Amino acid sequence: MKKYVVITALIISVLNSGVSAESKQSIKLLKPQTSIGKPLMQALKDRSSSRDFSTKELSEKDLSNLLWAAWGINRDSGLRTAPSARNWQEIDVYVAMAKGLYLYNAEAHTLELIISKDIRKNTGQQAFVQIAPINLIYVADYNKMNCEDEEKKFYSAANTAFISQNVYLYCASEGLATVIRGLVDRKGLAKVMKLKKIAACCLFPNGRISNSE
Ligand SMILES: Cc1cc2nc3c(=O)[nH]c(=O)nc-3n(C[C@H](O)[C@H](O)[C@H](O)COP(=O)(O)O)c2cc1C
């Protein structure tokens, strides 16, 4: 019998993504495994959206690998696994789990506790977001983008799409389910996350499936 594990991810763009962390608590992630996985062409062949999720938690290994694949640092220069226009690196990846909301710190490869409360139900309007072990939330910090406001929406959405595709490919490679979502109450979510002023948004969820018993 198949069991399904979910990661959902969403993106919202804000003028300033700064939040005050509840405490300095952080989770040290395992070293990412950069020599695993299916060949690229096979991962592309298997890439798809899935909305079947279970409550099973992701392993520490999967959590670490997933976040590194999504938006980790892959070069000594501090550049990332996904491109960003003019290297603004304006996207912050938040992780909503049962035990709380965390912010991915790519430099330290850690998760920093933001709110010790389960906000998964606020991350989308589809029922599975409440039980998915992980919802990734992509937040664009417009303060890091040196361009016209209209262009900020465009570039932050494009930059998020690259990160999201990395998540899709990692999930395809590891036999996990994911779906990116735009169906989100972004203003409501930004409030729950205590983000600063929200300007515009688009949201994506990613989920993943595990075939383990
Ligand atoms: C920008 C964007 C927003 C999306 N929003 C949602 C969503 O809110 N809910 C959902 O279930 N799927 C969402 N999807 C997933 C699409 O429905 C899915 O990619 C499409 O049906 C094609 O299926 P595939 O990903 O398996 O190829 C979204 C996809 C994109 C690219």
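**Notebook: ligand shell, fold and three loop residues**

I began with the ligand and found that ten residues surround it, the closest being Ser48, Ser49, Arg181, Gly182 and Leu183. Sorting the residues of this shell by character, I get four nonpolar, four polar and two charged. I keep in mind throughout that this is a predicted model.

Next I looked up the overall fold, and I note four helices and eight strands in the protein, which follow one another from the N terminus in the order β-β-α-α-β-β-β-β-α-β-α-β. The protein has 213 residues, of which 48% count as buried. I also checked how far along the chain the contacts reach: among contacts with a separation of 6 or more, 80% join residues that are 24 or more positions apart.

I then turned to residues with an unusual entry in my list, starting with Asn87, which has a positive phi of about 50° without being a glycine. I located Asn87 in the loop between helix H2 (60-71) and strand S3 (91-97), and I record Asn87 as exposed because it has 11 C-beta neighbours inside 10 Å.

His109 likewise is not a glycine, and its phi is positive, at about 50°. I place His109 in the loop that links strand S4 (100-105) to strand S5 (110-115); since 17 other C-beta atoms lie within 10 Å, His109 is partly exposed.

Last, I looked at Lys196, in the loop between helix H4 (186-192) and strand S8 (198-200). Lys196 has 16 C-beta neighbours inside 10 Å and therefore counts as partly exposed. Its C-alpha atom is separated by 9.7 Å from that of Asp141, although the two residues are 55 residues apart along the chain.

Definitions and conventions: Residues are numbered from 1 along each chain as its sequence is written. This is a predicted model: local features need pLDDT of at least 70, side-chain atom pairs count only at pLDDT 80 or more; totals for chains, interfaces and linings use all residues. Helices (H or I, at least four residues) and strands (E, at least two) are DSSP runs, numbered from the N terminus. A residue is buried if 20 or more other C-beta atoms lie within 10 Å of its own, exposed if 12 or fewer, and partly exposed in between; C-beta atoms are placed from the backbone. Two residues are in contact if their C-beta atoms, placed from the backbone, lie within 7 Å. A residue is near a molecule or strand if its C-beta atom, placed from the backbone, lies within 6 Å of it. Ala, Val, Leu, Ile, Met, Phe, Trp, Tyr, Cys and Pro count as nonpolar, Asp, Glu, Lys and Arg as charged, and the others, Gly among them, as polar.
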